Every structure is written in structure tokens, then in C-alpha cells.
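Please find below a colleague's note on the structure shown here. The points are numbered for ease of reference.

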Amino acid sequence: STHQERQRLEAEAAELEAERMELQRKCVEAELQLAMALSMQLQKRLQLMEALSEILETLTHCDPNAEDALAAQAGIEALLVQPLFAITSVEAPAEAEEAA
């Protein structure tokens with residue numbers, strides 16, 4: 001009986017380990033997808049900044065004192081200092097229930 005109990009516990013432990021490994025694999029997959037999405041976001045942001053710089057250069061060449069050129073320059077400078085994404089804290093379900 002003790003031998004059977006030990007075998008059952010070992011089988012359960014192996015099953016839990018397999019579950020843990022699968023969850024870990026899914027986590028790594030999600031991290032990879034996030035990294036790829038952030039990389040694409042950076043590429044798009046760079047393309048946008050390059051396009052805006054070209055527009056600003058064109059406006060500046062037309063009339064260096066033009067209000068449009070100054071506004072475009074202010075817009076580009078605002079984009080340069082914006083964070084790529086914001087991390088917000090998420091309350092745990094228990095904390096959210098206590099607050100309600």
C-alpha cells in the first residue's frame with residue numbers, strides 16, 4: 001500500500017512538473033511576442049520621426065520663420081520625449097474587492 005501511495009505521488013509530481021514546464025514555455029512565448037511588438041513599435045516610431053523631420057526641413061526651407069515650421073518642430077520635440085508605453089499598476093483581485 002505504501003509502495004502504491006509512493007508511485008501515485010511520484011506520478012502526480014511528474015504531472016505537476018509537466019504542467020509547470022508547459023506554463024513556463026507559454027510565458028517565454030509571450031515574452032518573445034512582447035519583445036517583437038516593442039521592436040516593431042520602435043521601428044514605426046523611427047519611421048515617423050524621420051518623416052516628421054523631412055516635413056520640418058521642407059517647411060523650414062520654404063520660410064524659416066513660418067508658424068507652421070515652428071509648430072511642426074514643437075510637435076517633433078514632443079514626440080521625442082514621449083514614453084513608448086506606460087506601465088500602470090494593477091491591483092490584485094483581493095485588493096480590488098477590499099477597496100469596493
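The points that follow take up the model, its fold, its surface and its salt bridges.

1. Status and confidence. The structure is a predicted model. Its mean pLDDT is 80, and 67% of the residues reach 70 or more. Confidence is highest in helix α1, at a mean of 92, and lowest in helix α3 (residues 93-99), at 53. Where pLDDT is low, the coordinates should not be read in detail.

2. Fold. The protein contains three helices and zero strands. Along the sequence the order of elements is α-α-α. Helix α1 spans residues 2-62, and the salt bridges between Arg 6 and Glu 10, between Arg 20 and Glu 17 and between Arg 25 and Glu 22 join residues of this helix.

3. Burial and surface. Of the 100 residues of the protein, 5% count as buried. The exposed surface amounts to about 8,800 Å², of which carbon and sulfur atoms supply 60%.

4. Salt bridges in total. How many salt bridges does the structure hold? The number is six. The points below describe several of them individually.

5. Arg 6 and Glu 10. A salt bridge joins the side chains of Arg 6 and Glu 10, with an N to O distance of 3.2 Å. Both residues belong to helix α1 and lie four residues apart, about one turn of the helix. Arg 6 has a relative accessible area of 56% and is therefore exposed, the cut-off being over 50%. Glu 10, at 45%, is partly exposed.

6. Arg 20 and Glu 17. The closest N and O atoms of the salt bridge between Arg 20 and Glu 17 are 2.7 Å apart. Why are Arg 20 and Glu 17 separated by about one helical turn? They are so placed because they are three residues apart in helix α1. Arg 20 is partly exposed, with a relative accessible area of 42%, and Glu 17 is likewise partly exposed, at 37% relative accessibility.

7. Arg 25 and Glu 22. The side chains of Arg 25 and Glu 22 form a salt bridge with an N to O distance of 2.6 Å. Both residues are in helix α1, three residues apart, about one turn of the helix. Arg 25 has a relative accessible area of 38% and counts as partly exposed. Glu 22 is also partly exposed, at 33%. Since buried means under 20% and exposed means over 50%, Glu 22 at 33% falls in between.

8. A salt-bridge network. Which residues are linked in a network of salt bridges? Glu 5, Arg 8 and Glu 12 are linked in this way.

9. Reading the model. The salt bridges of points 5 to 7 lie in helix α1, the element with the highest mean confidence, 92. Helix α3, at a mean of 53, calls for caution, because coordinates should not be read in detail where pLDDT is low.

Terms used:
Residues are numbered from 1 along each chain as its sequence is written. Side-chain values use heavy atoms; hydrogens and water are left out. Helices (H or I, at least four residues) and strands (E, at least two) are DSSP runs, numbered from the N terminus. Buried means under 20% relative accessible area, exposed over 50%, partly exposed in between (1.4 Å probe, protein chains only). Accessible areas come from the Shrake-Rupley method with a 1.4 Å probe; for residues, only the protein chains shown count as cover. A salt bridge is a side-chain nitrogen of Lys or Arg within 4 Å of a carboxyl oxygen of Asp or Glu. pLDDT is the predictor's confidence in each residue, from 0 to 100.
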